[in-house]
Amino acid sequence: MNYLLKYSFPITLLFFIACNEPDCPAVETAYNQQWDQIKTSDRIFPLKGLWLHRTNQPAKFSKYASDYTGFEMDVNIDTLRMVLEVYHPPETPQNIKVQDFLQLKEATGKYFWFDCKNLSRANVSKALMILQELDSIYHIKDRLVFESSNPAALKVITAAGYYCFYYLPISPQTNLCKD
């Protein structure tokens, strides 16, 4: 099924809700996008298959590994231990690391979406070092999306050749058409 047709209603709804304007130009832009490919930098990330949201436990990953192509998880940069710890604040960290997923046999060929909750200009160089180390062991660079709401820090990750998505924080005061 064409992704544009499949996602046109939710996309339209999202833009209308965000804009609060029936003739928002963002809606027209959404219809003109190719939603089966999302461009980051000069490379295109292939959106393949179904993705499972908030896969923050290795047991959940293992249970659904055969059913999904990609897995989103919430990560936090631990600059002291130089790891990406998996948890969603305000939850308490449980010492679960990204490696706990990537080392599993079921992770071979799977795609990952790291929703980074604490990326900043102060820790971006260490985050990049961690990503490069993970890639050297698990070869995930072309199967990984790194997401953050910090565009300045994401530029550093993108410049290193990683796929990055910017999370646009939307509040009731946000007007996407004007802002």
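Of the contacts in the protein chain with a separation of 6 or more, 56% are between residues 24 or more positions apart. The model behind this figure is a predicted one. Its secondary structure adds up to six helices and eight strands, and reading along the sequence gives the order α-α-β-β-β-α-β-β-α-β-α-β-α-β. The protein chain has 179 residues, and 40% of them are buried. Its accessible surface is about 10,300 Å², with 55% of that belonging to carbon and sulfur atoms.

Next comes the nonpolar interior. The largest nonpolar core holds 33 residues, and Leu 84, Val 98, Phe 112, Phe 114, Leu 119, Leu 134 and Phe 146 have the most contacts inside it. Quite a few elements chip in: strand 4, strand 5 (83-86), helix 4 (98-102), strand 6, helix 5 (124-138), strand 7 and helix 6 (151-159) each provide at least two residues of this core. Helix 5 is the top contributor, with seven residues. Another core, of five residues, lies apart from this one, and its members include Phe 45, Tyr 111, Tyr 163 and Phe 165. Back in the largest core, Phe 112 is one of the residues with the most contacts. Leaving out residues up to four places away in sequence, Phe 112 touches Trp 51, Phe 61, Phe 71, Met 73, Leu 102, Ala 107, Arg 143, Leu 144 and Val 145.

Several of those partners turn up again among the aromatics. Across the whole structure, a search picks up ten aromatic pairs. One of them joins Trp 51 and Trp 113 edge-to-face, with 6.0 Å from centre to centre and 80° between the planes. This pair bridges distant parts of the chain, as Trp 51 sits in strand 3 (residues 51-52) and Trp 113 in strand 6 (residues 111-116), 62 residues apart. Trp 51 has 22% relative accessibility, so it counts as partly exposed. The rings of Phe 61 and Phe 71 also meet edge-to-face, because their planes are at 70°, with the centres 4.6 Å apart. Here too the pair links distant parts of the chain, with Phe 61 in helix 3 (residues 58-64) and Phe 71 in strand 4, ten residues apart. Phe 61 and Phe 71 are both buried. They also belong to one aromatic cluster, together with Tyr 64, Tyr 68, Phe 101, Phe 112 and Phe 114. Elsewhere, a ring is paired with a charge: the charged end of Lys 141 sits over the ring of Tyr 162, 4.8 Å from its centre.

Two buried strand residues show how sequence-distant segments come together. Ile 77 is part of strand 4 (residues 70-78), and its relative accessibility of 8% is why it counts as buried. Beyond its neighbours within four places in sequence, Ile 77 is in contact with Val 83, Leu 84, Cys 116, Asn 118, Leu 119, Asn 123, Ala 127 and Ile 130. For one of these partners, Asn 123, the C-alpha atom is 7.7 Å from that of Ile 77, although the two residues are 46 residues apart along the chain. Ser 148 belongs to strand 7 (residues 144-148) and counts as buried because its relative accessibility is 2%. Its side chain reaches the backbone nitrogen of Asn 150 at 3.0 Å. Not counting residues up to four places away in sequence, Ser 148 touches Cys 116, Leu 119, Leu 154, Phe 165, Tyr 166 and Tyr 167.

The loops have some features of their own. Ala 160, in the loop between helix 6 and strand 8 (163-166), is partly exposed, with a relative accessible area of 22%. Residues up to four places away aside, Ala 160 touches Leu 128 and Lys 141. The C-alpha atoms of Ala 160 and Gln 132 are 9.1 Å apart, with their positions 28 residues apart along the chain.

Backbone geometry adds a few further details. The peptide bond from Pro 89 to Pro 90 is cis, with omega near 15°, and Pro 90 lies in the loop between strand 5 and helix 4. Arg 54, in the loop between strand 3 and helix 3, has a positive phi near 50° despite being a residue other than glycine. Arg 54 counts as partly exposed, at 33% relative accessibility. Met 82 is not a glycine either, yet has a positive phi of about 55°. Met 82 is located in the loop between strand 4 and strand 5 and, at 28% relative accessibility, counts as partly exposed.

Methods: Residues are numbered from 1 along each chain as its sequence is written. Side-chain values use heavy atoms; hydrogens and water are left out. Helices (H or I, at least four residues) and strands (E, at least two) are DSSP runs, numbered from the N terminus. Buried means under 20% relative accessible area, exposed over 50%, partly exposed in between (1.4 Å probe, protein chains only). A polar contact is a pair of N or O atoms within 3.5 Å; within protein, one must be able to donate a hydrogen and the other to accept it, and residues adjacent in sequence count only if both atoms are side-chain atoms. Contact means heavy atoms within 4.5 Å. Rings of Phe, Tyr and Trp (its six-membered ring) pair if their centres lie within 6.5 Å; planes under 30 degrees apart count as stacked, over 60 as edge-to-face and the rest as tilted. A charge sits over a ring if NZ of Lys or CZ of Arg is within 6 Å of the ring centre and within 35 degrees of the ring normal. A nonpolar core is a set of buried Ala, Val, Leu, Ile, Met, Phe, Trp, Tyr and Cys residues joined through side-chain atoms within 4.5 Å. Accessible areas come from the Shrake-Rupley method with a 1.4 Å probe; for residues, only the protein chains shown count as cover.
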